[in-house]
Amino acid sequence: MPPRPRFDRRAPVRELPNINDRISYPQLRVVDADGTQLGVIDREEALSVAKERELDLVLVSEKADPPVCRIMDYGKYKFEQEKKAKEAKKKSHQTEVKEVKMRYKIDQHDYDVRIGQAQRFLKAGDKVKCTVIFRGREIQHTALAEVLLRRMAKDLEEPAEIQQPPKREGRNMIMFLTPRKTPLAKQDEKEEAANKAVRTITAPPRAAATRQVGKPAGNG
């Protein structure tokens, strides 16, 4: 039998950042923390300047001639870079369609579980396909299934809006919800403003009643 492959139990080598003493180039083009160009200086002088400012000397362009370094707070810089990477990843989230299945005679506990699942999917930026499954003669109760889906849409109206209303599809009834783009409160304000903007037709002013001049009442 061939010998079993031996696993390398050594910890993976971490790529260390090129800062301070890890920079080995003798000549560097250095940019100060405020963006001031310090020009081309030798490595020892650059490290000394960074140390005086209680900051780090960070290699930012290794391919330049000579390599470019910047004096900065490396810990703060790294934190900001990680934050930007997380934001970029969040923006590049690929929208998926997640499904929530149930029966039209679902009990309250299971219904609450489905609501919780849908809320998590919507919060993650995904669309939700709400499906009511019919078995056997249950297909006769499509009206009850539609009521259930409308109830779910109402319970989820704050994080979601209806993309496709309840619709029968084979032996199922489905409804699609999508994350709400406009917060519900602002949407209500927008609708209220639109209603106020609608012109109302006012009735023409009523003609003044003709005054009748009567004879003064007698004393006797």
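Student: Is Y74 buried or exposed here?
Tutor: In this predicted model, Y74 is buried, with a relative accessible area of 18%, and that value falls under the 20% limit for buried residues.

Student: And what about Y77, buried or partly exposed?
Tutor: Y77 is partly exposed, its relative accessible area being 31%.

Student: What do the rings of Y74 and Y77 form, and with what distance and angle?
Tutor: The rings of Y74 and Y77 make an aromatic pair of the tilted kind, with 6.2 Å from centre to centre and 40° between the planes. The structure holds 1 aromatic pair in total.

Student: How far apart are Y74 and Y77 along helix 2?
Tutor: Helix 2 covers residues 74-91, and because Y74 and Y77 are 3 residues apart in that helix, about one helical turn separates them.

Student: Switching to rings and charges: which charged end sits over the ring of Y111?
Tutor: That is the charged end of R151, which sits over the Y111 ring at 3.9 Å from its centre.

Student: Now the sheet. What is the strand order?
Tutor: The sheet is open, has 4 strands in the order 5-6-8-7, and shows mixed pairing. Strand 5 (97-102) and strand 7 (160-169) stand at the edges, and since each has a single partner strand, one side of each is left without a neighbour in the sheet. On average, neighbouring strands of this sheet are turned by 20° against each other when direction is ignored.

Student: In which sense do strand 6 and strand 8 pair?
Tutor: Strand 6 (residues 127-133) and strand 8 (residues 172-179) pair in the antiparallel sense, over 6 bridges. Within that pairing, K129 stands opposite F176 in strand 8.

Student: Which strands does helix 3 touch?
Tutor: Helix 3 (residues 108-123) packs on the sheet and touches strand 5, strand 6, strand 7 and strand 8, while its direction makes about 175° with that of strand 5.

Student: Then where does helix 4 lie?
Tutor: Helix 4 (residues 142-155) lies across strand 5, strand 6, strand 7 and strand 8, and runs at about 10° to strand 8.

Student: Last topic, cysteines. How many disulfides are there?
Tutor: The count comes to 0 disulfides, where the rule asks for a pair of cysteine sulfur atoms within 2.5 Å.

Student: Are C69 and C130 buried or exposed?
Tutor: C69 counts as buried because its relative accessibility is 0%, and C130 is likewise buried, with a relative accessible area of 0%.

Technical notes: Residues numbered from 1 in each chain as written. Predicted model: local features only at pLDDT ≥ 70, side-chain atom pairs only at ≥ 80, totals over all residues. Heavy atoms only, no water. Buried < 20%, exposed > 50% of the residue type's maximum accessible area, 1.4 Å probe, protein only. Pairing = 2+ DSSP bridges. Helix = DSSP H or I, 4+ residues; strand = E, 2+ residues; numbered from the N terminus. Axes fitted to C-alpha atoms, helices over the stretch in contact; angles between N-to-C directions. Contact = heavy atoms within 4.5 Å. Phe/Tyr/Trp six-rings, centres within 6.5 Å; stacked < 30°, edge-to-face > 60°. Lys NZ or Arg CZ within 6 Å of the ring centre and 35° of its normal.
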